[in-house]
Amino acid sequence: MSYFSDVKSATQHYGSLTRIDFCFECGKSIEKGVVLYDGYVADRTEKTISLHPACAALLGQRLIADGYLNRRN
Ligand SMILES: [Zn+2]
């Protein structure tokens, strides 16, 4: 996960799952700061999603809330 203050100058290690200026969480355009997150879409194939910083914080909290208590299930 990486933060860039301007989506126009953000650099990626992998190809984007969506447009780099499209927020995976809210579906709105990203104009400035962006959080990039890499994950697998297939064996040995990683892609990057883009998030507004606030949306990244929201998504992270939701993942923790849904995942932590059920992590052993
Ligand atoms: Zn967003």
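# Questions on a predicted zinc-binding chain

Student: Does Val 34 count as buried or exposed?
Tutor: The model is a predicted one, and in it Val 34 has a relative accessibility of 0%. A residue under 20% belongs to the buried class. Because its value is 0%, Val 34 counts as buried.

Student: In which strand is Val 34 found?
Tutor: The chain has three strands, and β2 covers residues 34–42. Val 34 is found in strand β2.

Student: Which residues does Val 34 touch, not counting those up to four places away in sequence?
Tutor: Some of its partners have low residue numbers, including Ser 2, Tyr 3, Phe 4 and Val 7. Others are Ala 10 and Ile 20. The list is completed by Ser 50, Leu 51 and Pro 53.

Student: How many Å apart in space are Val 34 and Lys 8, C-alpha to C-alpha?
Tutor: In sequence, Val 34 and Lys 8 are 26 residues apart. In space, C-alpha to C-alpha, the distance between Val 34 and Lys 8 is 9.3 Å.

Student: In what order do the elements of the chain run from the N terminus on?
Tutor: The chain has one helix and three strands. From the N terminus on, the order is β-β-β-α.

Student: Which residues coordinate the zinc ion?
Tutor: The coordinating atoms are SG of the cysteines and ND1 of the histidine, at 2.1 to 2.4 Å. In sequence the donor residues follow the spacing C-x2-C-x25-H-x2-C. The residues in question are Cys 23, Cys 26, His 52 and Cys 55.

Student: What arrangement do the four donor atoms around the zinc ion make?
Tutor: The angles that the donor atoms subtend run from 101 to 118°. Four donors count as tetrahedral if all angles lie between 85 and 135 degrees. The angles of 101 to 118° therefore make the arrangement tetrahedral.

Student: How many residues apart in sequence are the parts that Cys 23 and Cys 55 tie together?
Tutor: Both Cys 23 and Cys 55 coordinate the zinc ion. Cys 23 lies in the loop between β1 (2–4) and β2 (34–42), whereas Cys 55 lies in helix α1 (residues 53–67), so the pair ties together parts separated in sequence by 32 residues.

Student: Are both Cys 23 and Cys 55 buried or exposed?
Tutor: Cys 23 and Cys 55 each supply an SG atom to the zinc ion. As for their accessibility, both residues are buried.

Student: What is the relative accessible area of His 52?
Tutor: His 52 lies in the loop between β3 (45–51) and α1. Among the residues it touches are Cys 23, Cys 26, Lys 28 and Gly 33. His 52 is buried, because its relative accessible area is 18%.

Student: Is Arg 44 buried or exposed?
Tutor: Arg 44 is found in the loop between β2 and β3. The phi of this residue is near 60°, a positive value in a residue other than glycine. Most residues other than glycine have a negative phi. With a relative accessible area of 83%, Arg 44 is exposed.

Student: Which residues does Thr 45 touch, not counting those up to four places away in sequence?
Tutor: Thr 45 has its place in strand β3. At a relative accessible area of 32%, Thr 45 is partly exposed. The residues that Thr 45 touches are Gly 39 and Tyr 40.

Student: How many Å apart in space are Leu 58 and Val 34, C-alpha to C-alpha?
Tutor: Leu 58 is found in helix α1 and counts as partly exposed, at 38% relative accessibility. Leu 58 and Val 34 are 24 residues apart in sequence. Their C-alpha atoms are separated by 14 Å.

Student: What share of the residues of the chain count as buried?
Tutor: The chain has 73 residues, and its C-alpha atoms fill a box of roughly 40 × 30 × 20 Å along the principal axes. The share of residues that count as buried is 25%.

Student: How many Å apart do the centres of the positive and negative side chains lie?
Tutor: The chain has 9 positive and 8 negative side chains. The separation between the centres of the two sets is 3 Å.

Note on methods. Residues numbered from 1 in each chain as written. Predicted model: local features only at pLDDT ≥ 70, side-chain atom pairs only at ≥ 80, totals over all residues. Heavy atoms only, no water. Donors = N, O, S within 2.8 Å, 3.2 Å for Na, K, Ca; no water. Tetrahedral: all angles 85-135°; square planar, octahedral: opposite > 155°, others 65-115°. Helix = DSSP H or I, 4+ residues; strand = E, 2+ residues; numbered from the N terminus. Buried < 20%, exposed > 50% of the residue type's maximum accessible area, 1.4 Å probe, protein only. Lys, Arg positive; Asp, Glu negative; His and termini not counted. Charge placed at Lys NZ, Arg CZ, Asp CG, Glu CD. Contact = heavy atoms within 4.5 Å.
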